[in-house]
Amino acid sequence: MSLATAVTVLGASALGLPVSTTHVAVGGIFGVGFAREWLDRRRGSRSEALPADETRRRILVRRSHVVTITAAWLVTLPITASLGALACLLVLWVTGV
């Protein structure tokens with residue numbers, strides 16, 4: 001996983017795209033989980049023979065975690081931009097520029 005994250009971040013950096021190693025790693029984990037779930041569904045009949053509790057347990061990616069992390073990512077940018085602007089204004093006000 002670390003190698004895939006490093007290659008993705010280096011590739012994005014070479015293209016001039018700003019990416020976060022944390023975002024790339026978490027996105028990769030979610031992607032692998034969703035791919036495995038999709039493959040299990042395609043195989044079909046094996047999981048239908050399992051009890052309902054076991055089938056539910058085998059869902060690899062908790063949808064609530066995806067929503068929570070996505071919301072945090074969407075909120076992070078405006079909040080950090082606002083804090084940066086406030087810090088800049090504070091420095092300008094203190095220095096009298």
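User: What is the place of Leu92?

Analyst: Leu92 lies in helix 5, which spans residues 63-95; helices (H or I, at least four residues) and strands (E, at least two) are DSSP runs, numbered from the N terminus. This is a predicted model, where local features need pLDDT of at least 70, side-chain atom pairs count only at pLDDT 80 or more, and totals for chains, interfaces and linings use all residues. Residues are numbered from 1 along each chain as its sequence is written, and side-chain values use heavy atoms, with hydrogens and water left out.

User: What makes Leu92 count as buried, partly exposed or exposed?

Analyst: Its relative accessibility is 37%. Buried means under 20% relative accessible area, exposed over 50%, and partly exposed in between (1.4 Å probe, protein chains only). Leu92 therefore counts as partly exposed.

User: Which residues form a nonpolar patch with Leu92 on the surface?

Analyst: Leu92 shares the patch with Val75, Ile79, Leu83, Leu86, Leu89 and Val97, and together they have about 700 Å² of accessible area. Patch members have over 30% relative accessible area and no salt bridge, and nonpolar side chains (Val, Leu, Ile, Met, Phe, Trp, Tyr) are joined within 5 Å. The areas come from the Shrake-Rupley method with a 1.4 Å probe.

User: How do you know that Glu37 and Arg63 meet in a salt bridge?

Analyst: Their side chains are 2.7 Å apart, N to O, and a salt bridge needs a side-chain nitrogen of Lys or Arg within 4 Å of a carboxyl oxygen of Asp or Glu. The pair links distant parts of the chain, with Glu37 in helix 2 and Arg63 in helix 5, 26 residues apart. The structure holds 1 salt bridge. Glu37 is buried, because its relative accessible area is 4%, whereas Arg63, at 39%, counts as partly exposed.

User: Why is helix 2 called roughly parallel or roughly antiparallel to helix 5?

Analyst: The axes of helix 2 and helix 5 come within 12 Å and cross at roughly 150°. That makes helix 2 roughly antiparallel to helix 5, because angles over 145 degrees count as roughly antiparallel, under 35 as roughly parallel, 65 to 115 as roughly perpendicular and the rest as oblique. Axes are lines fitted to C-alpha atoms, over the stretch in contact for helices, and angles run from 0 to 180 degrees between N-to-C directions.

User: How are helix 1 and helix 2 set to each other?

Analyst: Helix 1 (residues 2-14) and helix 2 (residues 21-43) pack at an angle of about 130°, with their axes 9 Å apart. Helix 1 and helix 2 are therefore oblique to each other.

User: Why does Ile59 count as buried, partly exposed or exposed?

Analyst: Ile59 has a relative accessible area of 33%, so Ile59 is partly exposed. Ile59 sits in the loop between helix 4 (52-57) and helix 5.

User: How many helices and strands has the protein chain?

Analyst: The protein chain has 5 helices and 0 strands. Of its 97 residues, 10% count as buried.

Key. Patches are made of residues with over 30% relative accessible area and no salt bridge: like charges are joined within 9 Å, nonpolar side chains (Val, Leu, Ile, Met, Phe, Trp, Tyr) within 5 Å.
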